[in-house]
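Colleague: I should like to learn how surface and interior features are read from a set of coordinates. May we take them in turn?

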Amino acid sequence: MGNERRVVVIGSGPAGASAARELVRRGVPVLMLESGSAFQPGLLLRLAGRTLIRQMPSLLGAESHAVSGDPRTQWYANIAPGGLSNLWSGAVPRFAPEDFTEGARLHERYRWPVAYEDLAPFYEAIERLLGITADTRDVLNLPAGHVAYPHRLPEDWRQVECQAQRRGQGFTTMPLADGPRTMLVRRGTAFNSYANFVLPMRRSRHFELRVGSHALRLNWSAAKRRVDAVIYHDRNTGETHSVEADAVVVACGALQSAKLLFNSACPDFPEGLGNARGVLGRFVHDHPREWWAFELDRPVALLSPAAYLTRLPYESSPPLLATSWTLGTAGVKDRIRSRFGAKGTWVGVQVFGTMIPTETRFVRSSAEHKDQFGLPGLELRIDFSEAEIENVVRSRQHLMDLMREAGYAPAMGEVVPQLVPGTSAHYGGTARMHADPEYGVVDAWNRIHDAPNVLVCDASCFTTAVEKNPTLTVMALASRAAARLSDDLKNG
């Protein structure tokens with residue numbers, strides 16, 4: 001591959017793979033650097049639209065880091081080709097139009113610089129590649145996407161759907177990237193960004209992949225006023241290399257991407273690349289999450305795939321405080337029985353809540369911790385406020401009331417304590433997107449305001465937290481940013 005107008009993409013997870021795919025599709029040369037060395041195999045068997053066997057690979061830990069705030073805070077990462085898509089649930093709900101604007105009720109710092117209409121064509125383009133199982137209809141607070149395998153909720157659950165609508169909520173099949181109805185693959189997920197996007201790109205003359213290549217820093221050229229190279233460590237040889245780039249896509253995950261920018265400090269940016277206003281690393285957010293189950297007074301169809309109860313109406317909810325509910329099987333026995341269309345009385349529930357991103361939740365370079373390469377590690381400070389915890393706790397009674405209104409008599413089981421930062425593996429906001437550089441690190445096209453040939457395309461760019469799984473929106477944002485980058489590179 002020649003070096004002309006080359007883009008270096010750092011990371012092969014969903015964001016990096018989506019950006020690289022869009023660039024390569026448009027004929028832009030891409031060099032992808034992936035820190036992990038070996039793909040993690042698993043096993044997935046689906047027959048007649050039901051998952052019969054799923055064996056996930058092991059979770060590979062994150063780098064050593066310091067924790068302030070909640071001392072229980074976790075940082076899950078997967079330093080392997082495909083990143084956390086090796087263990088992804090496959091949930092792909094679209095964000096709703098209001099998700100991009102409702103934060104402005106609190107302050108302009110919470111207004112996204114993109115709108116739903118900007119992302120809609122990129123949502124659909126990605127959805128067409130994922131093989132999604134879902135209902136084809138829009139529901140309240142959840143726009144429908146492109147569905148390959150239509151699925152409606154069982155008749156037993158229709159009254160719950162009606163009661164949800166009366167409360168201003170949608171109740172529908174959780175959109176899942178479950179792939180073809182029949183498949184046998186040596187991975188734990190139907191979609192994996194490495195297997196589905198990166199490996200096919202290796203056939204293109206415009207693409208090169210280097211695994212075991214850990215990005216250490218971006219080199220800022222004061223004379224050129226841009227980043228002109230990426231410095232990386234080759235895990236195979238132990239050597240350090242520099243590779244030239246016309247543009248760089250950073251897609252290492254919300255915490256690791258921030259770390260790379262901090263470690264790229266230089267005289268023009270002594271506090272980290274693009275951090276002229278001190279926003280880098282601040283406004284970090286996550287999903288407060290908990291899991292519990294309830295028992296009904298009579299058997300109902302076991303939910304496989306899972307069902308999704310959307311948030312309460314925006315106008316009647318506090319700004320940026322919402323929950324969503326995913327309803328499925330409650331244990332291994334029912335999970336097996338659901339594959340054969342059985343009924344049961346127990347229902348498992350996973351709740352995702354939101355948090356209001358503030359400057360007091362942050363990551364920053366640690367003065368004490370060093371990584372394996374001798375560079376500063378990260379200090380992560382995050383906790384959930386009483387209001388954010390209460391928002392999740394209150395959601396339990398809401399669902400119980402909804403089930404009673406639908407004609408059932410539910411009894412709650414034990415709540416599994418999980419209100420610990422990081423357990424959702426959904427960190428975001430460390431290089432947030434905003435039209436005003438006072439409030440954001442990147443602009444509406446994911447470009448660092450003060451270093452515009454660097455794009456941050458993973459969940460780092462999220463302006464606010466949303467109660468939905470972020471992966472589809474990450475991929476759509478990355479594809480949109482790459483499409484614009486391709487046009488600009490070709491136009492000089």
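Modeller: Let us begin with the elements: helices (H or I, at least four residues) and strands (E, at least two) are DSSP runs, numbered from the N terminus. Pro 180 sits in the loop that joins strand 8 (171–173) to strand 9 (183–185). The model is predicted, so local features need pLDDT of at least 70 and side-chain atom pairs pLDDT 80 or more, while totals for chains, interfaces and linings use all residues. Residues are numbered from 1 along each chain as its sequence is written, and side-chain values use heavy atoms, with hydrogens and water left out.

Colleague: Why does Pro 180 count as partly exposed?

Modeller: Buried means under 20% relative accessible area, exposed over 50%, and partly exposed in between (1.4 Å probe, protein chains only). Pro 180 has a relative accessibility of 35%, and therefore counts as partly exposed. From Pro 180 to Leu 302 the C-alpha to C-alpha distance is 21 Å, with their positions 122 residues apart in sequence.

Colleague: Which residues form a nonpolar patch on the surface?

Modeller: A patch is made of residues with over 30% relative accessible area and no salt bridge; like charges are joined within 9 Å, and nonpolar side chains (Val, Leu, Ile, Met, Phe, Trp, Tyr) within 5 Å. A salt bridge is a side-chain nitrogen of Lys or Arg within 4 Å of a carboxyl oxygen of Asp or Glu. Here the patch comprises Leu 59, Tyr 76 and Leu 84, with about 240 Å² of accessible area together, by the Shrake-Rupley method with a 1.4 Å probe and only the protein chains shown as cover. Tyr 76 belongs to the loop between strand 5 (66–69) and helix 2 (116–130), and its relative accessible area is 32%.

Colleague: How many cavities of 30 Å³ or more does the structure hold?

Modeller: On a 1 Å grid over the protein atoms alone, a cavity is a set of points where a 1.4 Å probe fits but cannot get out; lining residues have an atom within 4 Å of a point. Grid points are joined across faces, edges and corners, and a volume is the space filled by probe spheres set on the points. There are six such cavities, and the largest has a volume of about 120 Å³. Its lining has 18 residues, with Ala 134, Pro 143, Ala 144, Gly 145 and Pro 175 the closest to the centre.

Colleague: What is the volume of the second largest cavity?

Modeller: That cavity holds about 70 Å³ of space. Among its 13 lining residues, His 285, His 287, His 426, Phe 462 and Val 466 lie nearest the centre.

Definitions and conventions. On a 1 Å grid over the protein atoms alone, a cavity is a set of points where a 1.4 Å probe fits but cannot get out, and a pocket is an open set with protein on both sides within 12 Å along at least five of seven lines; lining residues have an atom within 4 Å of a point.
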